[in-house]
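Subject: Structure handover

Hello,

Here is the structure I said I would pass on. My notes on what turned up follow below it.

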Amino acid sequence: MKHNGRAFSRQELNKKRLRPGTKLQVACLVQVRGDSEWYAAGFRCRSQSSRQCCYLCDATLDDCYDMRETGPHRRTCKSHIQFLAECCRDMRQVSTLFRLPGLKLWHFTVDGMHTYDLGPLLDILASVLYVEQTWRPVCLNMAVGLQTINAELQTYGRAVPELTQTHLTQSMITPQDSKYPILIATAAQARHLVGYVRQLAYRQVGYVDRPPIVLRGAMTAHAAQYRRLVVQLCDALSACLIRSTRSHLMWRPVGARS
Ligand SMILES: [Zn+2]
């Protein structure tokens with residue numbers, strides 16, 4: 001199954017399969033690819049939810065959002081030996097994969113698509129969209145909210161035509177089998193929604209022609225935290241995506257859509 005719930009087509013399934021009976025070559029491991037959760041579970045790397053949230057450097061939850069080249073955590077990157085020494089110090093058992101000759105810490109790359117586009121990004125996007133829909137001074141009801149959002153998305157899409165255009169439905173924002181809003185979308189759809197959702201977040205905190213949003217019920221006490229986090233996250237996401245989208249656009253065939 002794909003992440004949007006659709007099945008892979010036969011063509012997609014056959015694309016990378018070897019024919020039965022193909023003789024395999026001697027292998028060389030050049031990259032381990034996974035998300036942070038798998039690295040923590042499978043290789044005893046630091047968990048992304050711990051205070052020091054990165055296994056490659058000493059970033060903390062306070063400074064890890066600084067995505068700039070000058071971000072303070074970039075000066076604390078670990079060497080392979082340092083990583084192994086810290087595992088010994090903290091009595092974390094290192095994976096036997098590290099016995100492979102030549103395998104170093106930097107071969108463990110973070111799969112951006114699964115870690116980020118299909119991870120917290122879906123959560124963040126749906127939360128901002130849902131809060132907007134339920135903000136009664138602006139949206140009469142959920143359906144009107146959705147309509148307004150889709151109309152704005154269309155306008156945004158005309159202004160930035162190189163992005164994937166998405167028409168949102170209610171079940172994409174609040175799926176029936178989830179207790180909280182989480183977007184049902186492909187990685188590209190999610191990534192390309194960030195610019196628009198960032199604008200929504202700016203409106204929700206009162207940066208643009210609207211008073212700041214007031215959350216109700218159990219969320220009342222968290223309104224300030226929501227507003228701070230949502231803008232911080234959307235800014236970081238968009239800074240990061242602008243960089244990756246630009247490099248992606250550079251090699252995209254002329255005239256091709258994403
Ligand atoms: Zn790091």
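The largest nonpolar core of this predicted model holds 28 residues, and the members that touch the most others in it are Leu122, Leu125, Leu183 and Val197. Four helices each supply at least two of the core residues: H5 (120-133), H7 (170-173), H8 and H9 (223-251). The biggest contribution is from H5, which gives seven residues.

Val197 is a useful place to start looking. Setting aside neighbours within four places in sequence, Val197 is in contact with Leu125, Val128, Leu129 and Cys234. Leu125 is, like Val197, among the core members that touch the most others. A second core lies apart from this one; it has six residues, including Tyr39, Cys45, Cys54 and Tyr55.

Next, helix H8. The helix covers residues 187-204, 18 residues in total. From its first C-alpha to its last it reaches 25 Å, close to the 26 Å expected at 1.5 Å a residue. H8 is nevertheless bent, by about 40° at Val194. Val194 is also one of the buried residues of H8. The others are Gln189, Ala190, Arg191, His192, Leu193, Tyr196, Val197, Arg198, Ala201 and Gln204, so the list has Arg and Gln residues in it as well as Leu and Val: a residue counts as buried here if 20 or more other C-beta atoms lie within 10 Å of its own. Just after the helix, Gly206 takes a positive phi of about 90°.

On the chain as a whole:

- Domains: domain 1 spans 26-110 and domain 2 spans 120-251. Their C-alpha centres lie 31 Å apart.
- Secondary structure: there are nine helices and two strands, in the order α-β-α-α-β-α-α-α-α-α-α from the N terminus on.
- Extent: the C-alpha atoms fill a box of roughly 60 × 45 × 35 Å along the principal axes.
- Burial: of the 258 residues in the chain, 20% are buried.
- Contacts: among those with a separation of 6 or more, 56% are between residues 24 or more positions apart.

If you open only one region, which residues does Val197 contact beyond its sequence neighbours? They are Leu125, Val128, Leu129 and Cys234, and the bend of H8 at Val194 can be viewed along with them.

Regards

Conventions: Residues numbered from 1 in each chain as written. Predicted model: local features only at pLDDT ≥ 70, side-chain atom pairs only at ≥ 80, totals over all residues. Expected span 1.5 Å × (residues − 1). Bend = angle between axes of the 7 residues up to and from the residue. Buried ≥ 20, exposed ≤ 12 C-beta atoms within 10 Å, placed from the backbone. Domains from an automatic or database assignment. Core = buried A, V, L, I, M, F, W, Y, C linked by C-beta atoms within 7 Å. Contact = placed C-beta atoms within 7 Å.
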